[in-house]
Amino acid sequence: PRVALRGAAHELDAGDAERAHAVLTDLEQLEPNLARTPSAVLLYASAELATGREASAGERLSALAARLEPAPGERPPEAFWHAWTLLLESAGPGDPRARAHLARLRLIDPALGGEPWRSRLESVARRAADAVHSPT
């Protein structure tokens, strides 16, 4: 089963997101516990985003982010930051919730999980601010 995860990651890296999605769909049926691991969920969501399945990816990423939400004072795992980064990047700059989510994430960690998440989330923040200030 872990070989299937590596195979799906390879397919996605090679640009065959449809094949990666198919492998992960099979894995979800055959090994549901493995398919629920953060690394598998992130891989599956990435394949969904790459194949235009934004709604499904958003649901998957939202559930993972909620599952990994840290208790006050705890440091969230890297998968939490990865999930939020993908969610906010895929939401687009016009999503009014992006700024609120970013503010909440900064309360959890002003460094936004460190690199590479900080740079990517700061980019989302700049695009969100530009969208608010640009004429419609």
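The following exchange goes over burial and charged pairs in a predicted model.

Student: Why is Glu 48 called buried?

Tutor: Buried means under 20% relative accessible area, and Glu 48 has 2%, so the term applies. Glu 48 lies in helix 4, residues 38-50. Beyond four places away in sequence, Glu 48 touches His 21, Arg 53, Glu 54, Ser 56, Ala 57 and Arg 60.

Student: What makes the pair of Glu 48 and Ser 56 a polar contact?

Tutor: The cut-off for N or O atoms is within 3.5 Å, and the side chains of Glu 48 and Ser 56 are joined at 2.7 Å.

Student: How do you know that Glu 28 and Arg 60 meet in a salt bridge?

Tutor: A side-chain nitrogen of Arg must be within 4 Å of a carboxyl oxygen of Glu; for Glu 28 and Arg 60 the N to O value is 3.2 Å, and the criterion is met. The pair links distant parts of the chain, with Glu 28 in helix 2 and Arg 60 in helix 5, 32 residues apart. Glu 28, Glu 48 and Arg 60 are linked in a network of salt bridges.

Student: Why does Arg 60 count as buried, and why is Glu 28 called partly exposed?

Tutor: Arg 60 is at 17%, so it falls under the 20% limit. Glu 28 has 29%, which lies between 20% and 50%, so it is partly exposed.

Student: What makes Glu 69 and Arg 104 a salt bridge?

Tutor: Their N to O value is 2.8 Å, and the limit is 4 Å. Glu 69 lies in the loop between helix 5 and helix 6 and Arg 104 in helix 7, so the pair ties together parts 35 residues apart in sequence.

Definitions and conventions: Residues are numbered from 1 along each chain as its sequence is written. This is a predicted model: local features need pLDDT of at least 70, side-chain atom pairs count only at pLDDT 80 or more; totals for chains, interfaces and linings use all residues. Side-chain values use heavy atoms; hydrogens and water are left out. Helices (H or I, at least four residues) and strands (E, at least two) are DSSP runs, numbered from the N terminus. Buried means under 20% relative accessible area, exposed over 50%, partly exposed in between (1.4 Å probe, protein chains only). A polar contact is a pair of N or O atoms within 3.5 Å; within protein, one must be able to donate a hydrogen and the other to accept it, and residues adjacent in sequence count only if both atoms are side-chain atoms. Contact means heavy atoms within 4.5 Å.
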